[in-house]
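Please walk me through this structure, taking a few individual residues, then the cysteines, and then one of the pockets.

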Amino acid sequence: MFYLVGLGLCDEKDITVRGLEVVKRSSRVYLEAYTSILMVQKERLEAFYGKELILADRNMVETESDEILRDADKEDVSLLVVGDPFGATTHTDIIIRARSLKIPTRVIHNASIMNAVGACGLQLYNFGQTVSLVFFTETWKPDSFYDRIKENMGLGMHTLVLLDIKVKEQNEENLARGRKIYEPPRYMSIPQAVSQIAEIEALRGEGVLKPEATLAVGLSRIGGEEHQRIVCGTLEELLTQPPEVFGEPLHSLIIVGKRLHDLEVEYAEEYAVNRETWRSVAQSVYGCALDR
């Protein structure tokens, strides 16, 4: 059997009981290490699980899946994934490959950022499409995310924006020369994400994401008891906060939709940069009554 096992969001103890049982009886256990990160090192996982973990980078998961799936029709093999297994299309692809090889598969689900965002008080059923925001370069500034957010805003829905991470990436020269030299890991921060969003808004000029009139929520290390951060405000306010306000990576961002409910405003204002501004924009721009 080939197992995809979700690890949850925080540390070695977030794995489910069922997931831990699967890990302990697997002959090989791989740890997918590039679509997201846990808040603890691999060694802590190994000590808790009582099992050696094989790091599986992008190249292994996407182009060497046959090695991961080797003998999985005869024995149990597990691939551990931060969050929930279906949080990335890569994991759907490896299930399809296993099926094509007639290997039985099973998925052990867990918490992910897709549902943990409810920690800020915005209701999950009010979210629309989730979008990803990549690091801009001097020559590449993809803006398709803007159209997806615009569609959500047109329906009044909130948008979860997943911020880019770069792990085991090569620069253009090393890639062209075939040299396995990798750049240091990079994780997009909330201020950088807001800056890129504001840049595209300025270029588009459509007024969908006006920095002074668009409410947003910055989140980091959701699920971590000691390190979780939630910061609410206008995009303009989030852009001007010092980096330490947002905590350590990974960061995510929510663009608040116009169907914002009064109770969502009141719950989230606990995390607001400025409560008066948060409530004022919610009333004047989003149409919330806020009687209490």
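In this predicted model, Asp164 sits in the loop that joins β7 (159–163) to β8 (165–166). Asp164 has a relative accessible area of 13% and is therefore buried, since under 20% counts as buried. Its side chain makes a polar contact with the backbone nitrogen of Phe135, at 3.0 Å. Phe135 also appears among the residues that Asp164 touches once neighbours within four places in sequence are left aside. The others in that set are Leu133, Val134, Arg186, Tyr187 and Met188.

A second loop residue to look at is Thr16, placed between β1 (2–6) and α1 (17–25). Its relative accessibility is 24%, so Thr16 counts as partly exposed. The side chain of Thr16 has a polar atom 2.9 Å from the backbone nitrogen of Gly19, and Gly19 belongs to the range given for α1 (17–25). Beyond residues up to four places away in sequence, Thr16 is in contact with Ile108, His109 and Asn110. As for distance across the model, 141 residues of sequence separate Thr16 from Met157, and their C-alpha atoms are 31 Å apart in space.

Some loops hold backbone geometry worth pointing out. The peptide bond that runs from Pro249 to Leu250 is cis, with omega near 15 degrees. Leu250 is in the loop between α10 (235–239) and β12 (251–255). Asp71, in the loop between α4 (65–69) and β4 (77–81), is not a glycine, yet its phi is positive, at about 65 degrees. With a relative accessibility of 28%, Asp71 counts as partly exposed. Arg221 likewise has a positive phi without being a glycine, and the value is near 50 degrees. The loop that holds Arg221 lies between β10 (215–220) and β11 (229–234). Arg221 has 13% relative accessibility and so counts as buried.

Next come the cysteines. How many disulfides does a search of the whole structure find? The search finds zero. A disulfide is a covalent bond between the sulfur atoms of two cysteines. For Cys120, the nearest cysteine sulfur is that of Cys232, 6.1 Å away. Two cysteine sulfur atoms must be within 2.5 Å to count as a disulfide, and Cys120 is in none. Cys120 is also buried, as its relative accessible area is 0%. Cys288 is in no disulfide either, and its nearest cysteine sulfur, again that of Cys232, is 13 Å away. Cys288 has a relative accessibility of 5%, so this residue counts as buried.

The last stop is the second largest pocket, which holds about 510 Å³ of space. Its lining is made up of 23 residues. Nearest the centre of this pocket are Leu31, Ala33, Ile37, Gln41 and Leu55. The elements that contribute two or more residues to the lining are β2 (28–32), α2 (42–49) and β3 (54–56). Which element gives the largest share of the lining? That element is α2, with four residues. By residue type, the lining of the second largest pocket has 13 nonpolar, eight charged and two polar residues.

Technical notes. Residues are numbered from 1 along each chain as its sequence is written. This is a predicted model: local features need pLDDT of at least 70, side-chain atom pairs count only at pLDDT 80 or more; totals for chains, interfaces and linings use all residues. Side-chain values use heavy atoms; hydrogens and water are left out. On a 1 Å grid over the protein atoms alone, a cavity is a set of points where a 1.4 Å probe fits but cannot get out, and a pocket is an open set with protein on both sides within 12 Å along at least five of seven lines; lining residues have an atom within 4 Å of a point. Grid points are joined across faces, edges and corners, and a volume is the space filled by probe spheres set on the points. Ala, Val, Leu, Ile, Met, Phe, Trp, Tyr, Cys and Pro count as nonpolar, Asp, Glu, Lys and Arg as charged, and the others, Gly among them, as polar. Buried means under 20% relative accessible area, exposed over 50%, partly exposed in between (1.4 Å probe, protein chains only). A polar contact is a pair of N or O atoms within 3.5 Å; within protein, one must be able to donate a hydrogen and the other to accept it, and residues adjacent in sequence count only if both atoms are side-chain atoms. Contact means heavy atoms within 4.5 Å.
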